[in-house]
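Q: I'm new to this, so please pick one spot, take a close look at it with me, and then work outward from there.

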Amino acid sequence: MIAKRKRNKIFVPYLFILPCFIGILLFTAGPLIMSFIMSFFDWPVIGNPTFIGLRNYTELFTSDSQFYESLAITLKFSAIFVPLTIILSLGLALLISKPVKGISMFRVVFYLPTVVSSVSISIIWGWILNKDYGILNYLLSLLGINGPDWLNSKKWALVALIIASGWTVGTLMLVFYTALKGISAD
């Protein structure tokens, strides 16, 4: 009886993480594995898939003109966005860890964009960055600056993407905040 209780006690924590594990398997690992399998096929939307082996990869690395440009843009985005996000999140975490009256409101304000749907965030940033009627270009016009076409210009699209992506630094801010709270005052 006691051995059975101990065994049940060992499995209880795993039951709590089981839904998350199932979600990761279904919505992350499953599609990732399926995409990898599909990459070895010529898979039309209508019709039967045909196995072509490594031909998709060969074509990607040799004859796709946009691959290396896309890779460079992705690396540039990562090189700018990751350090910027870490610095901004750490700065916000330091700011909200100060014992100031009303700081809990700021904690909510900084974290709130993280829980808003990414579709909603995309629509909002589409409105803000719109060339013709966007809020950002309107504010720039008040300063006498002709705002760029943020979303359609090769020069400004990466900047717009970094700004819009940086909107959700709340999760990393929360991680830093929790770590800062764990540091003793001594």
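A: Let's start with Ile-10, which sits in helix 1, the stretch covering residues 2-38. Keep in mind that what you're looking at is a predicted model. Is Ile-10 buried or exposed? Its relative accessible area is 53%, and the cut-off for exposed is over 50%, so Ile-10 counts as exposed. Now look for Gly-144, which is 134 residues away from Ile-10 along the chain. Between the C-alpha atoms of Ile-10 and Gly-144 there is a gap of 66 Å.

That gap is a good cue to zoom out for a moment. Along the principal axes, the C-alpha atoms of the chain fill a box of roughly 75 × 60 × 30 Å. The radius of gyration of the chain is 24 Å, whereas a compact globule of 186 residues would have one near 16 Å. Of those 186 residues, 19% count as buried. As for the parts list, the chain has eight helices and two strands. Follow the sequence and you'll meet them in the pattern α-β-β-α-α-α-α-α-α-α. Here's one more overall number: take the contacts between residues at least 6 apart in sequence, and 47% of them join residues at least 24 apart.

Next, on to the aromatic rings. Counting rings whose centres lie within 6.5 Å, you get nine aromatic pairs. One of them brings together Phe-41 and Trp-43, with ring centres 5.7 Å apart and planes at 75°, so this pair is edge-to-face. Phe-41 has a relative accessible area of 24%, so it is partly exposed. Trp-43 is partly exposed too, with a value of 37%. Phe-41 also forms an aromatic pair with Phe-51: here the distance is 5.4 Å centre to centre, the angle between the planes is 75°, and the pair is again edge-to-face. This pair links distant parts of the chain, since Phe-41 belongs to strand 1 (residues 41-42) and Phe-51 to strand 2 (residues 50-51), 10 residues apart. Phe-51 itself counts as exposed because its relative accessibility is 56%. There's also an aromatic cluster to find, made of Phe-36, Phe-40 and Tyr-57.

Now for some empty space. The largest pocket holds about 180 Å³. Which residues line the largest pocket? They are Glu-69, Ile-73, Lys-76, Lys-154, Lys-155, Ala-157 and Leu-158. The elements that give two or more residues to this lining are helix 3 (67-96) and helix 7 (154-165). Helix 7 gives the most, with four residues. Sort the lining by type and you get three nonpolar residues, four charged ones and no polar ones.

Stay with helix 7, because that's where you'll find Ile-162, and this residue is buried at just 10% relative accessibility. In sequence, Ile-162 and Phe-77 are 85 residues apart, but in space the distance is 7.1 Å, C-alpha to C-alpha. If you leave aside neighbours within four places in sequence, the residues in contact with Ile-162 are Phe-77, Ile-80, Phe-81 and Leu-84.

Another buried residue is Ser-97, and it counts that way because its relative accessibility is 18%, with the cut-off being under 20%. Where is Ser-97? It's in the loop between helix 3 and helix 4 (103-115). Again skipping neighbours within four places in sequence, Ser-97 is in contact with Tyr-177, Leu-180 and Lys-181.

Last stop: Ile-145, in the loop between helix 6 (135-142) and helix 7. With a relative accessible area of 43%, Ile-145 is partly exposed. Its C-alpha atom lies 24 Å from that of Trp-167, and the two residues are 22 residues apart along the chain. So, looking back at the three isoleucines on this tour, Ile-10 is exposed, Ile-145 is partly exposed and Ile-162 is buried.

Conventions: Residues are numbered from 1 along each chain as its sequence is written. This is a predicted model: local features need pLDDT of at least 70, side-chain atom pairs count only at pLDDT 80 or more; totals for chains, interfaces and linings use all residues. Side-chain values use heavy atoms; hydrogens and water are left out. Buried means under 20% relative accessible area, exposed over 50%, partly exposed in between (1.4 Å probe, protein chains only). Rings of Phe, Tyr and Trp (its six-membered ring) pair if their centres lie within 6.5 Å; planes under 30 degrees apart count as stacked, over 60 as edge-to-face and the rest as tilted. On a 1 Å grid over the protein atoms alone, a cavity is a set of points where a 1.4 Å probe fits but cannot get out, and a pocket is an open set with protein on both sides within 12 Å along at least five of seven lines; lining residues have an atom within 4 Å of a point. Grid points are joined across faces, edges and corners, and a volume is the space filled by probe spheres set on the points. Ala, Val, Leu, Ile, Met, Phe, Trp, Tyr, Cys and Pro count as nonpolar, Asp, Glu, Lys and Arg as charged, and the others, Gly among them, as polar. The radius of gyration is taken over C-alpha atoms; the globule rule is 2.2 Å times the number of residues to the power 0.38. Contact means heavy atoms within 4.5 Å.
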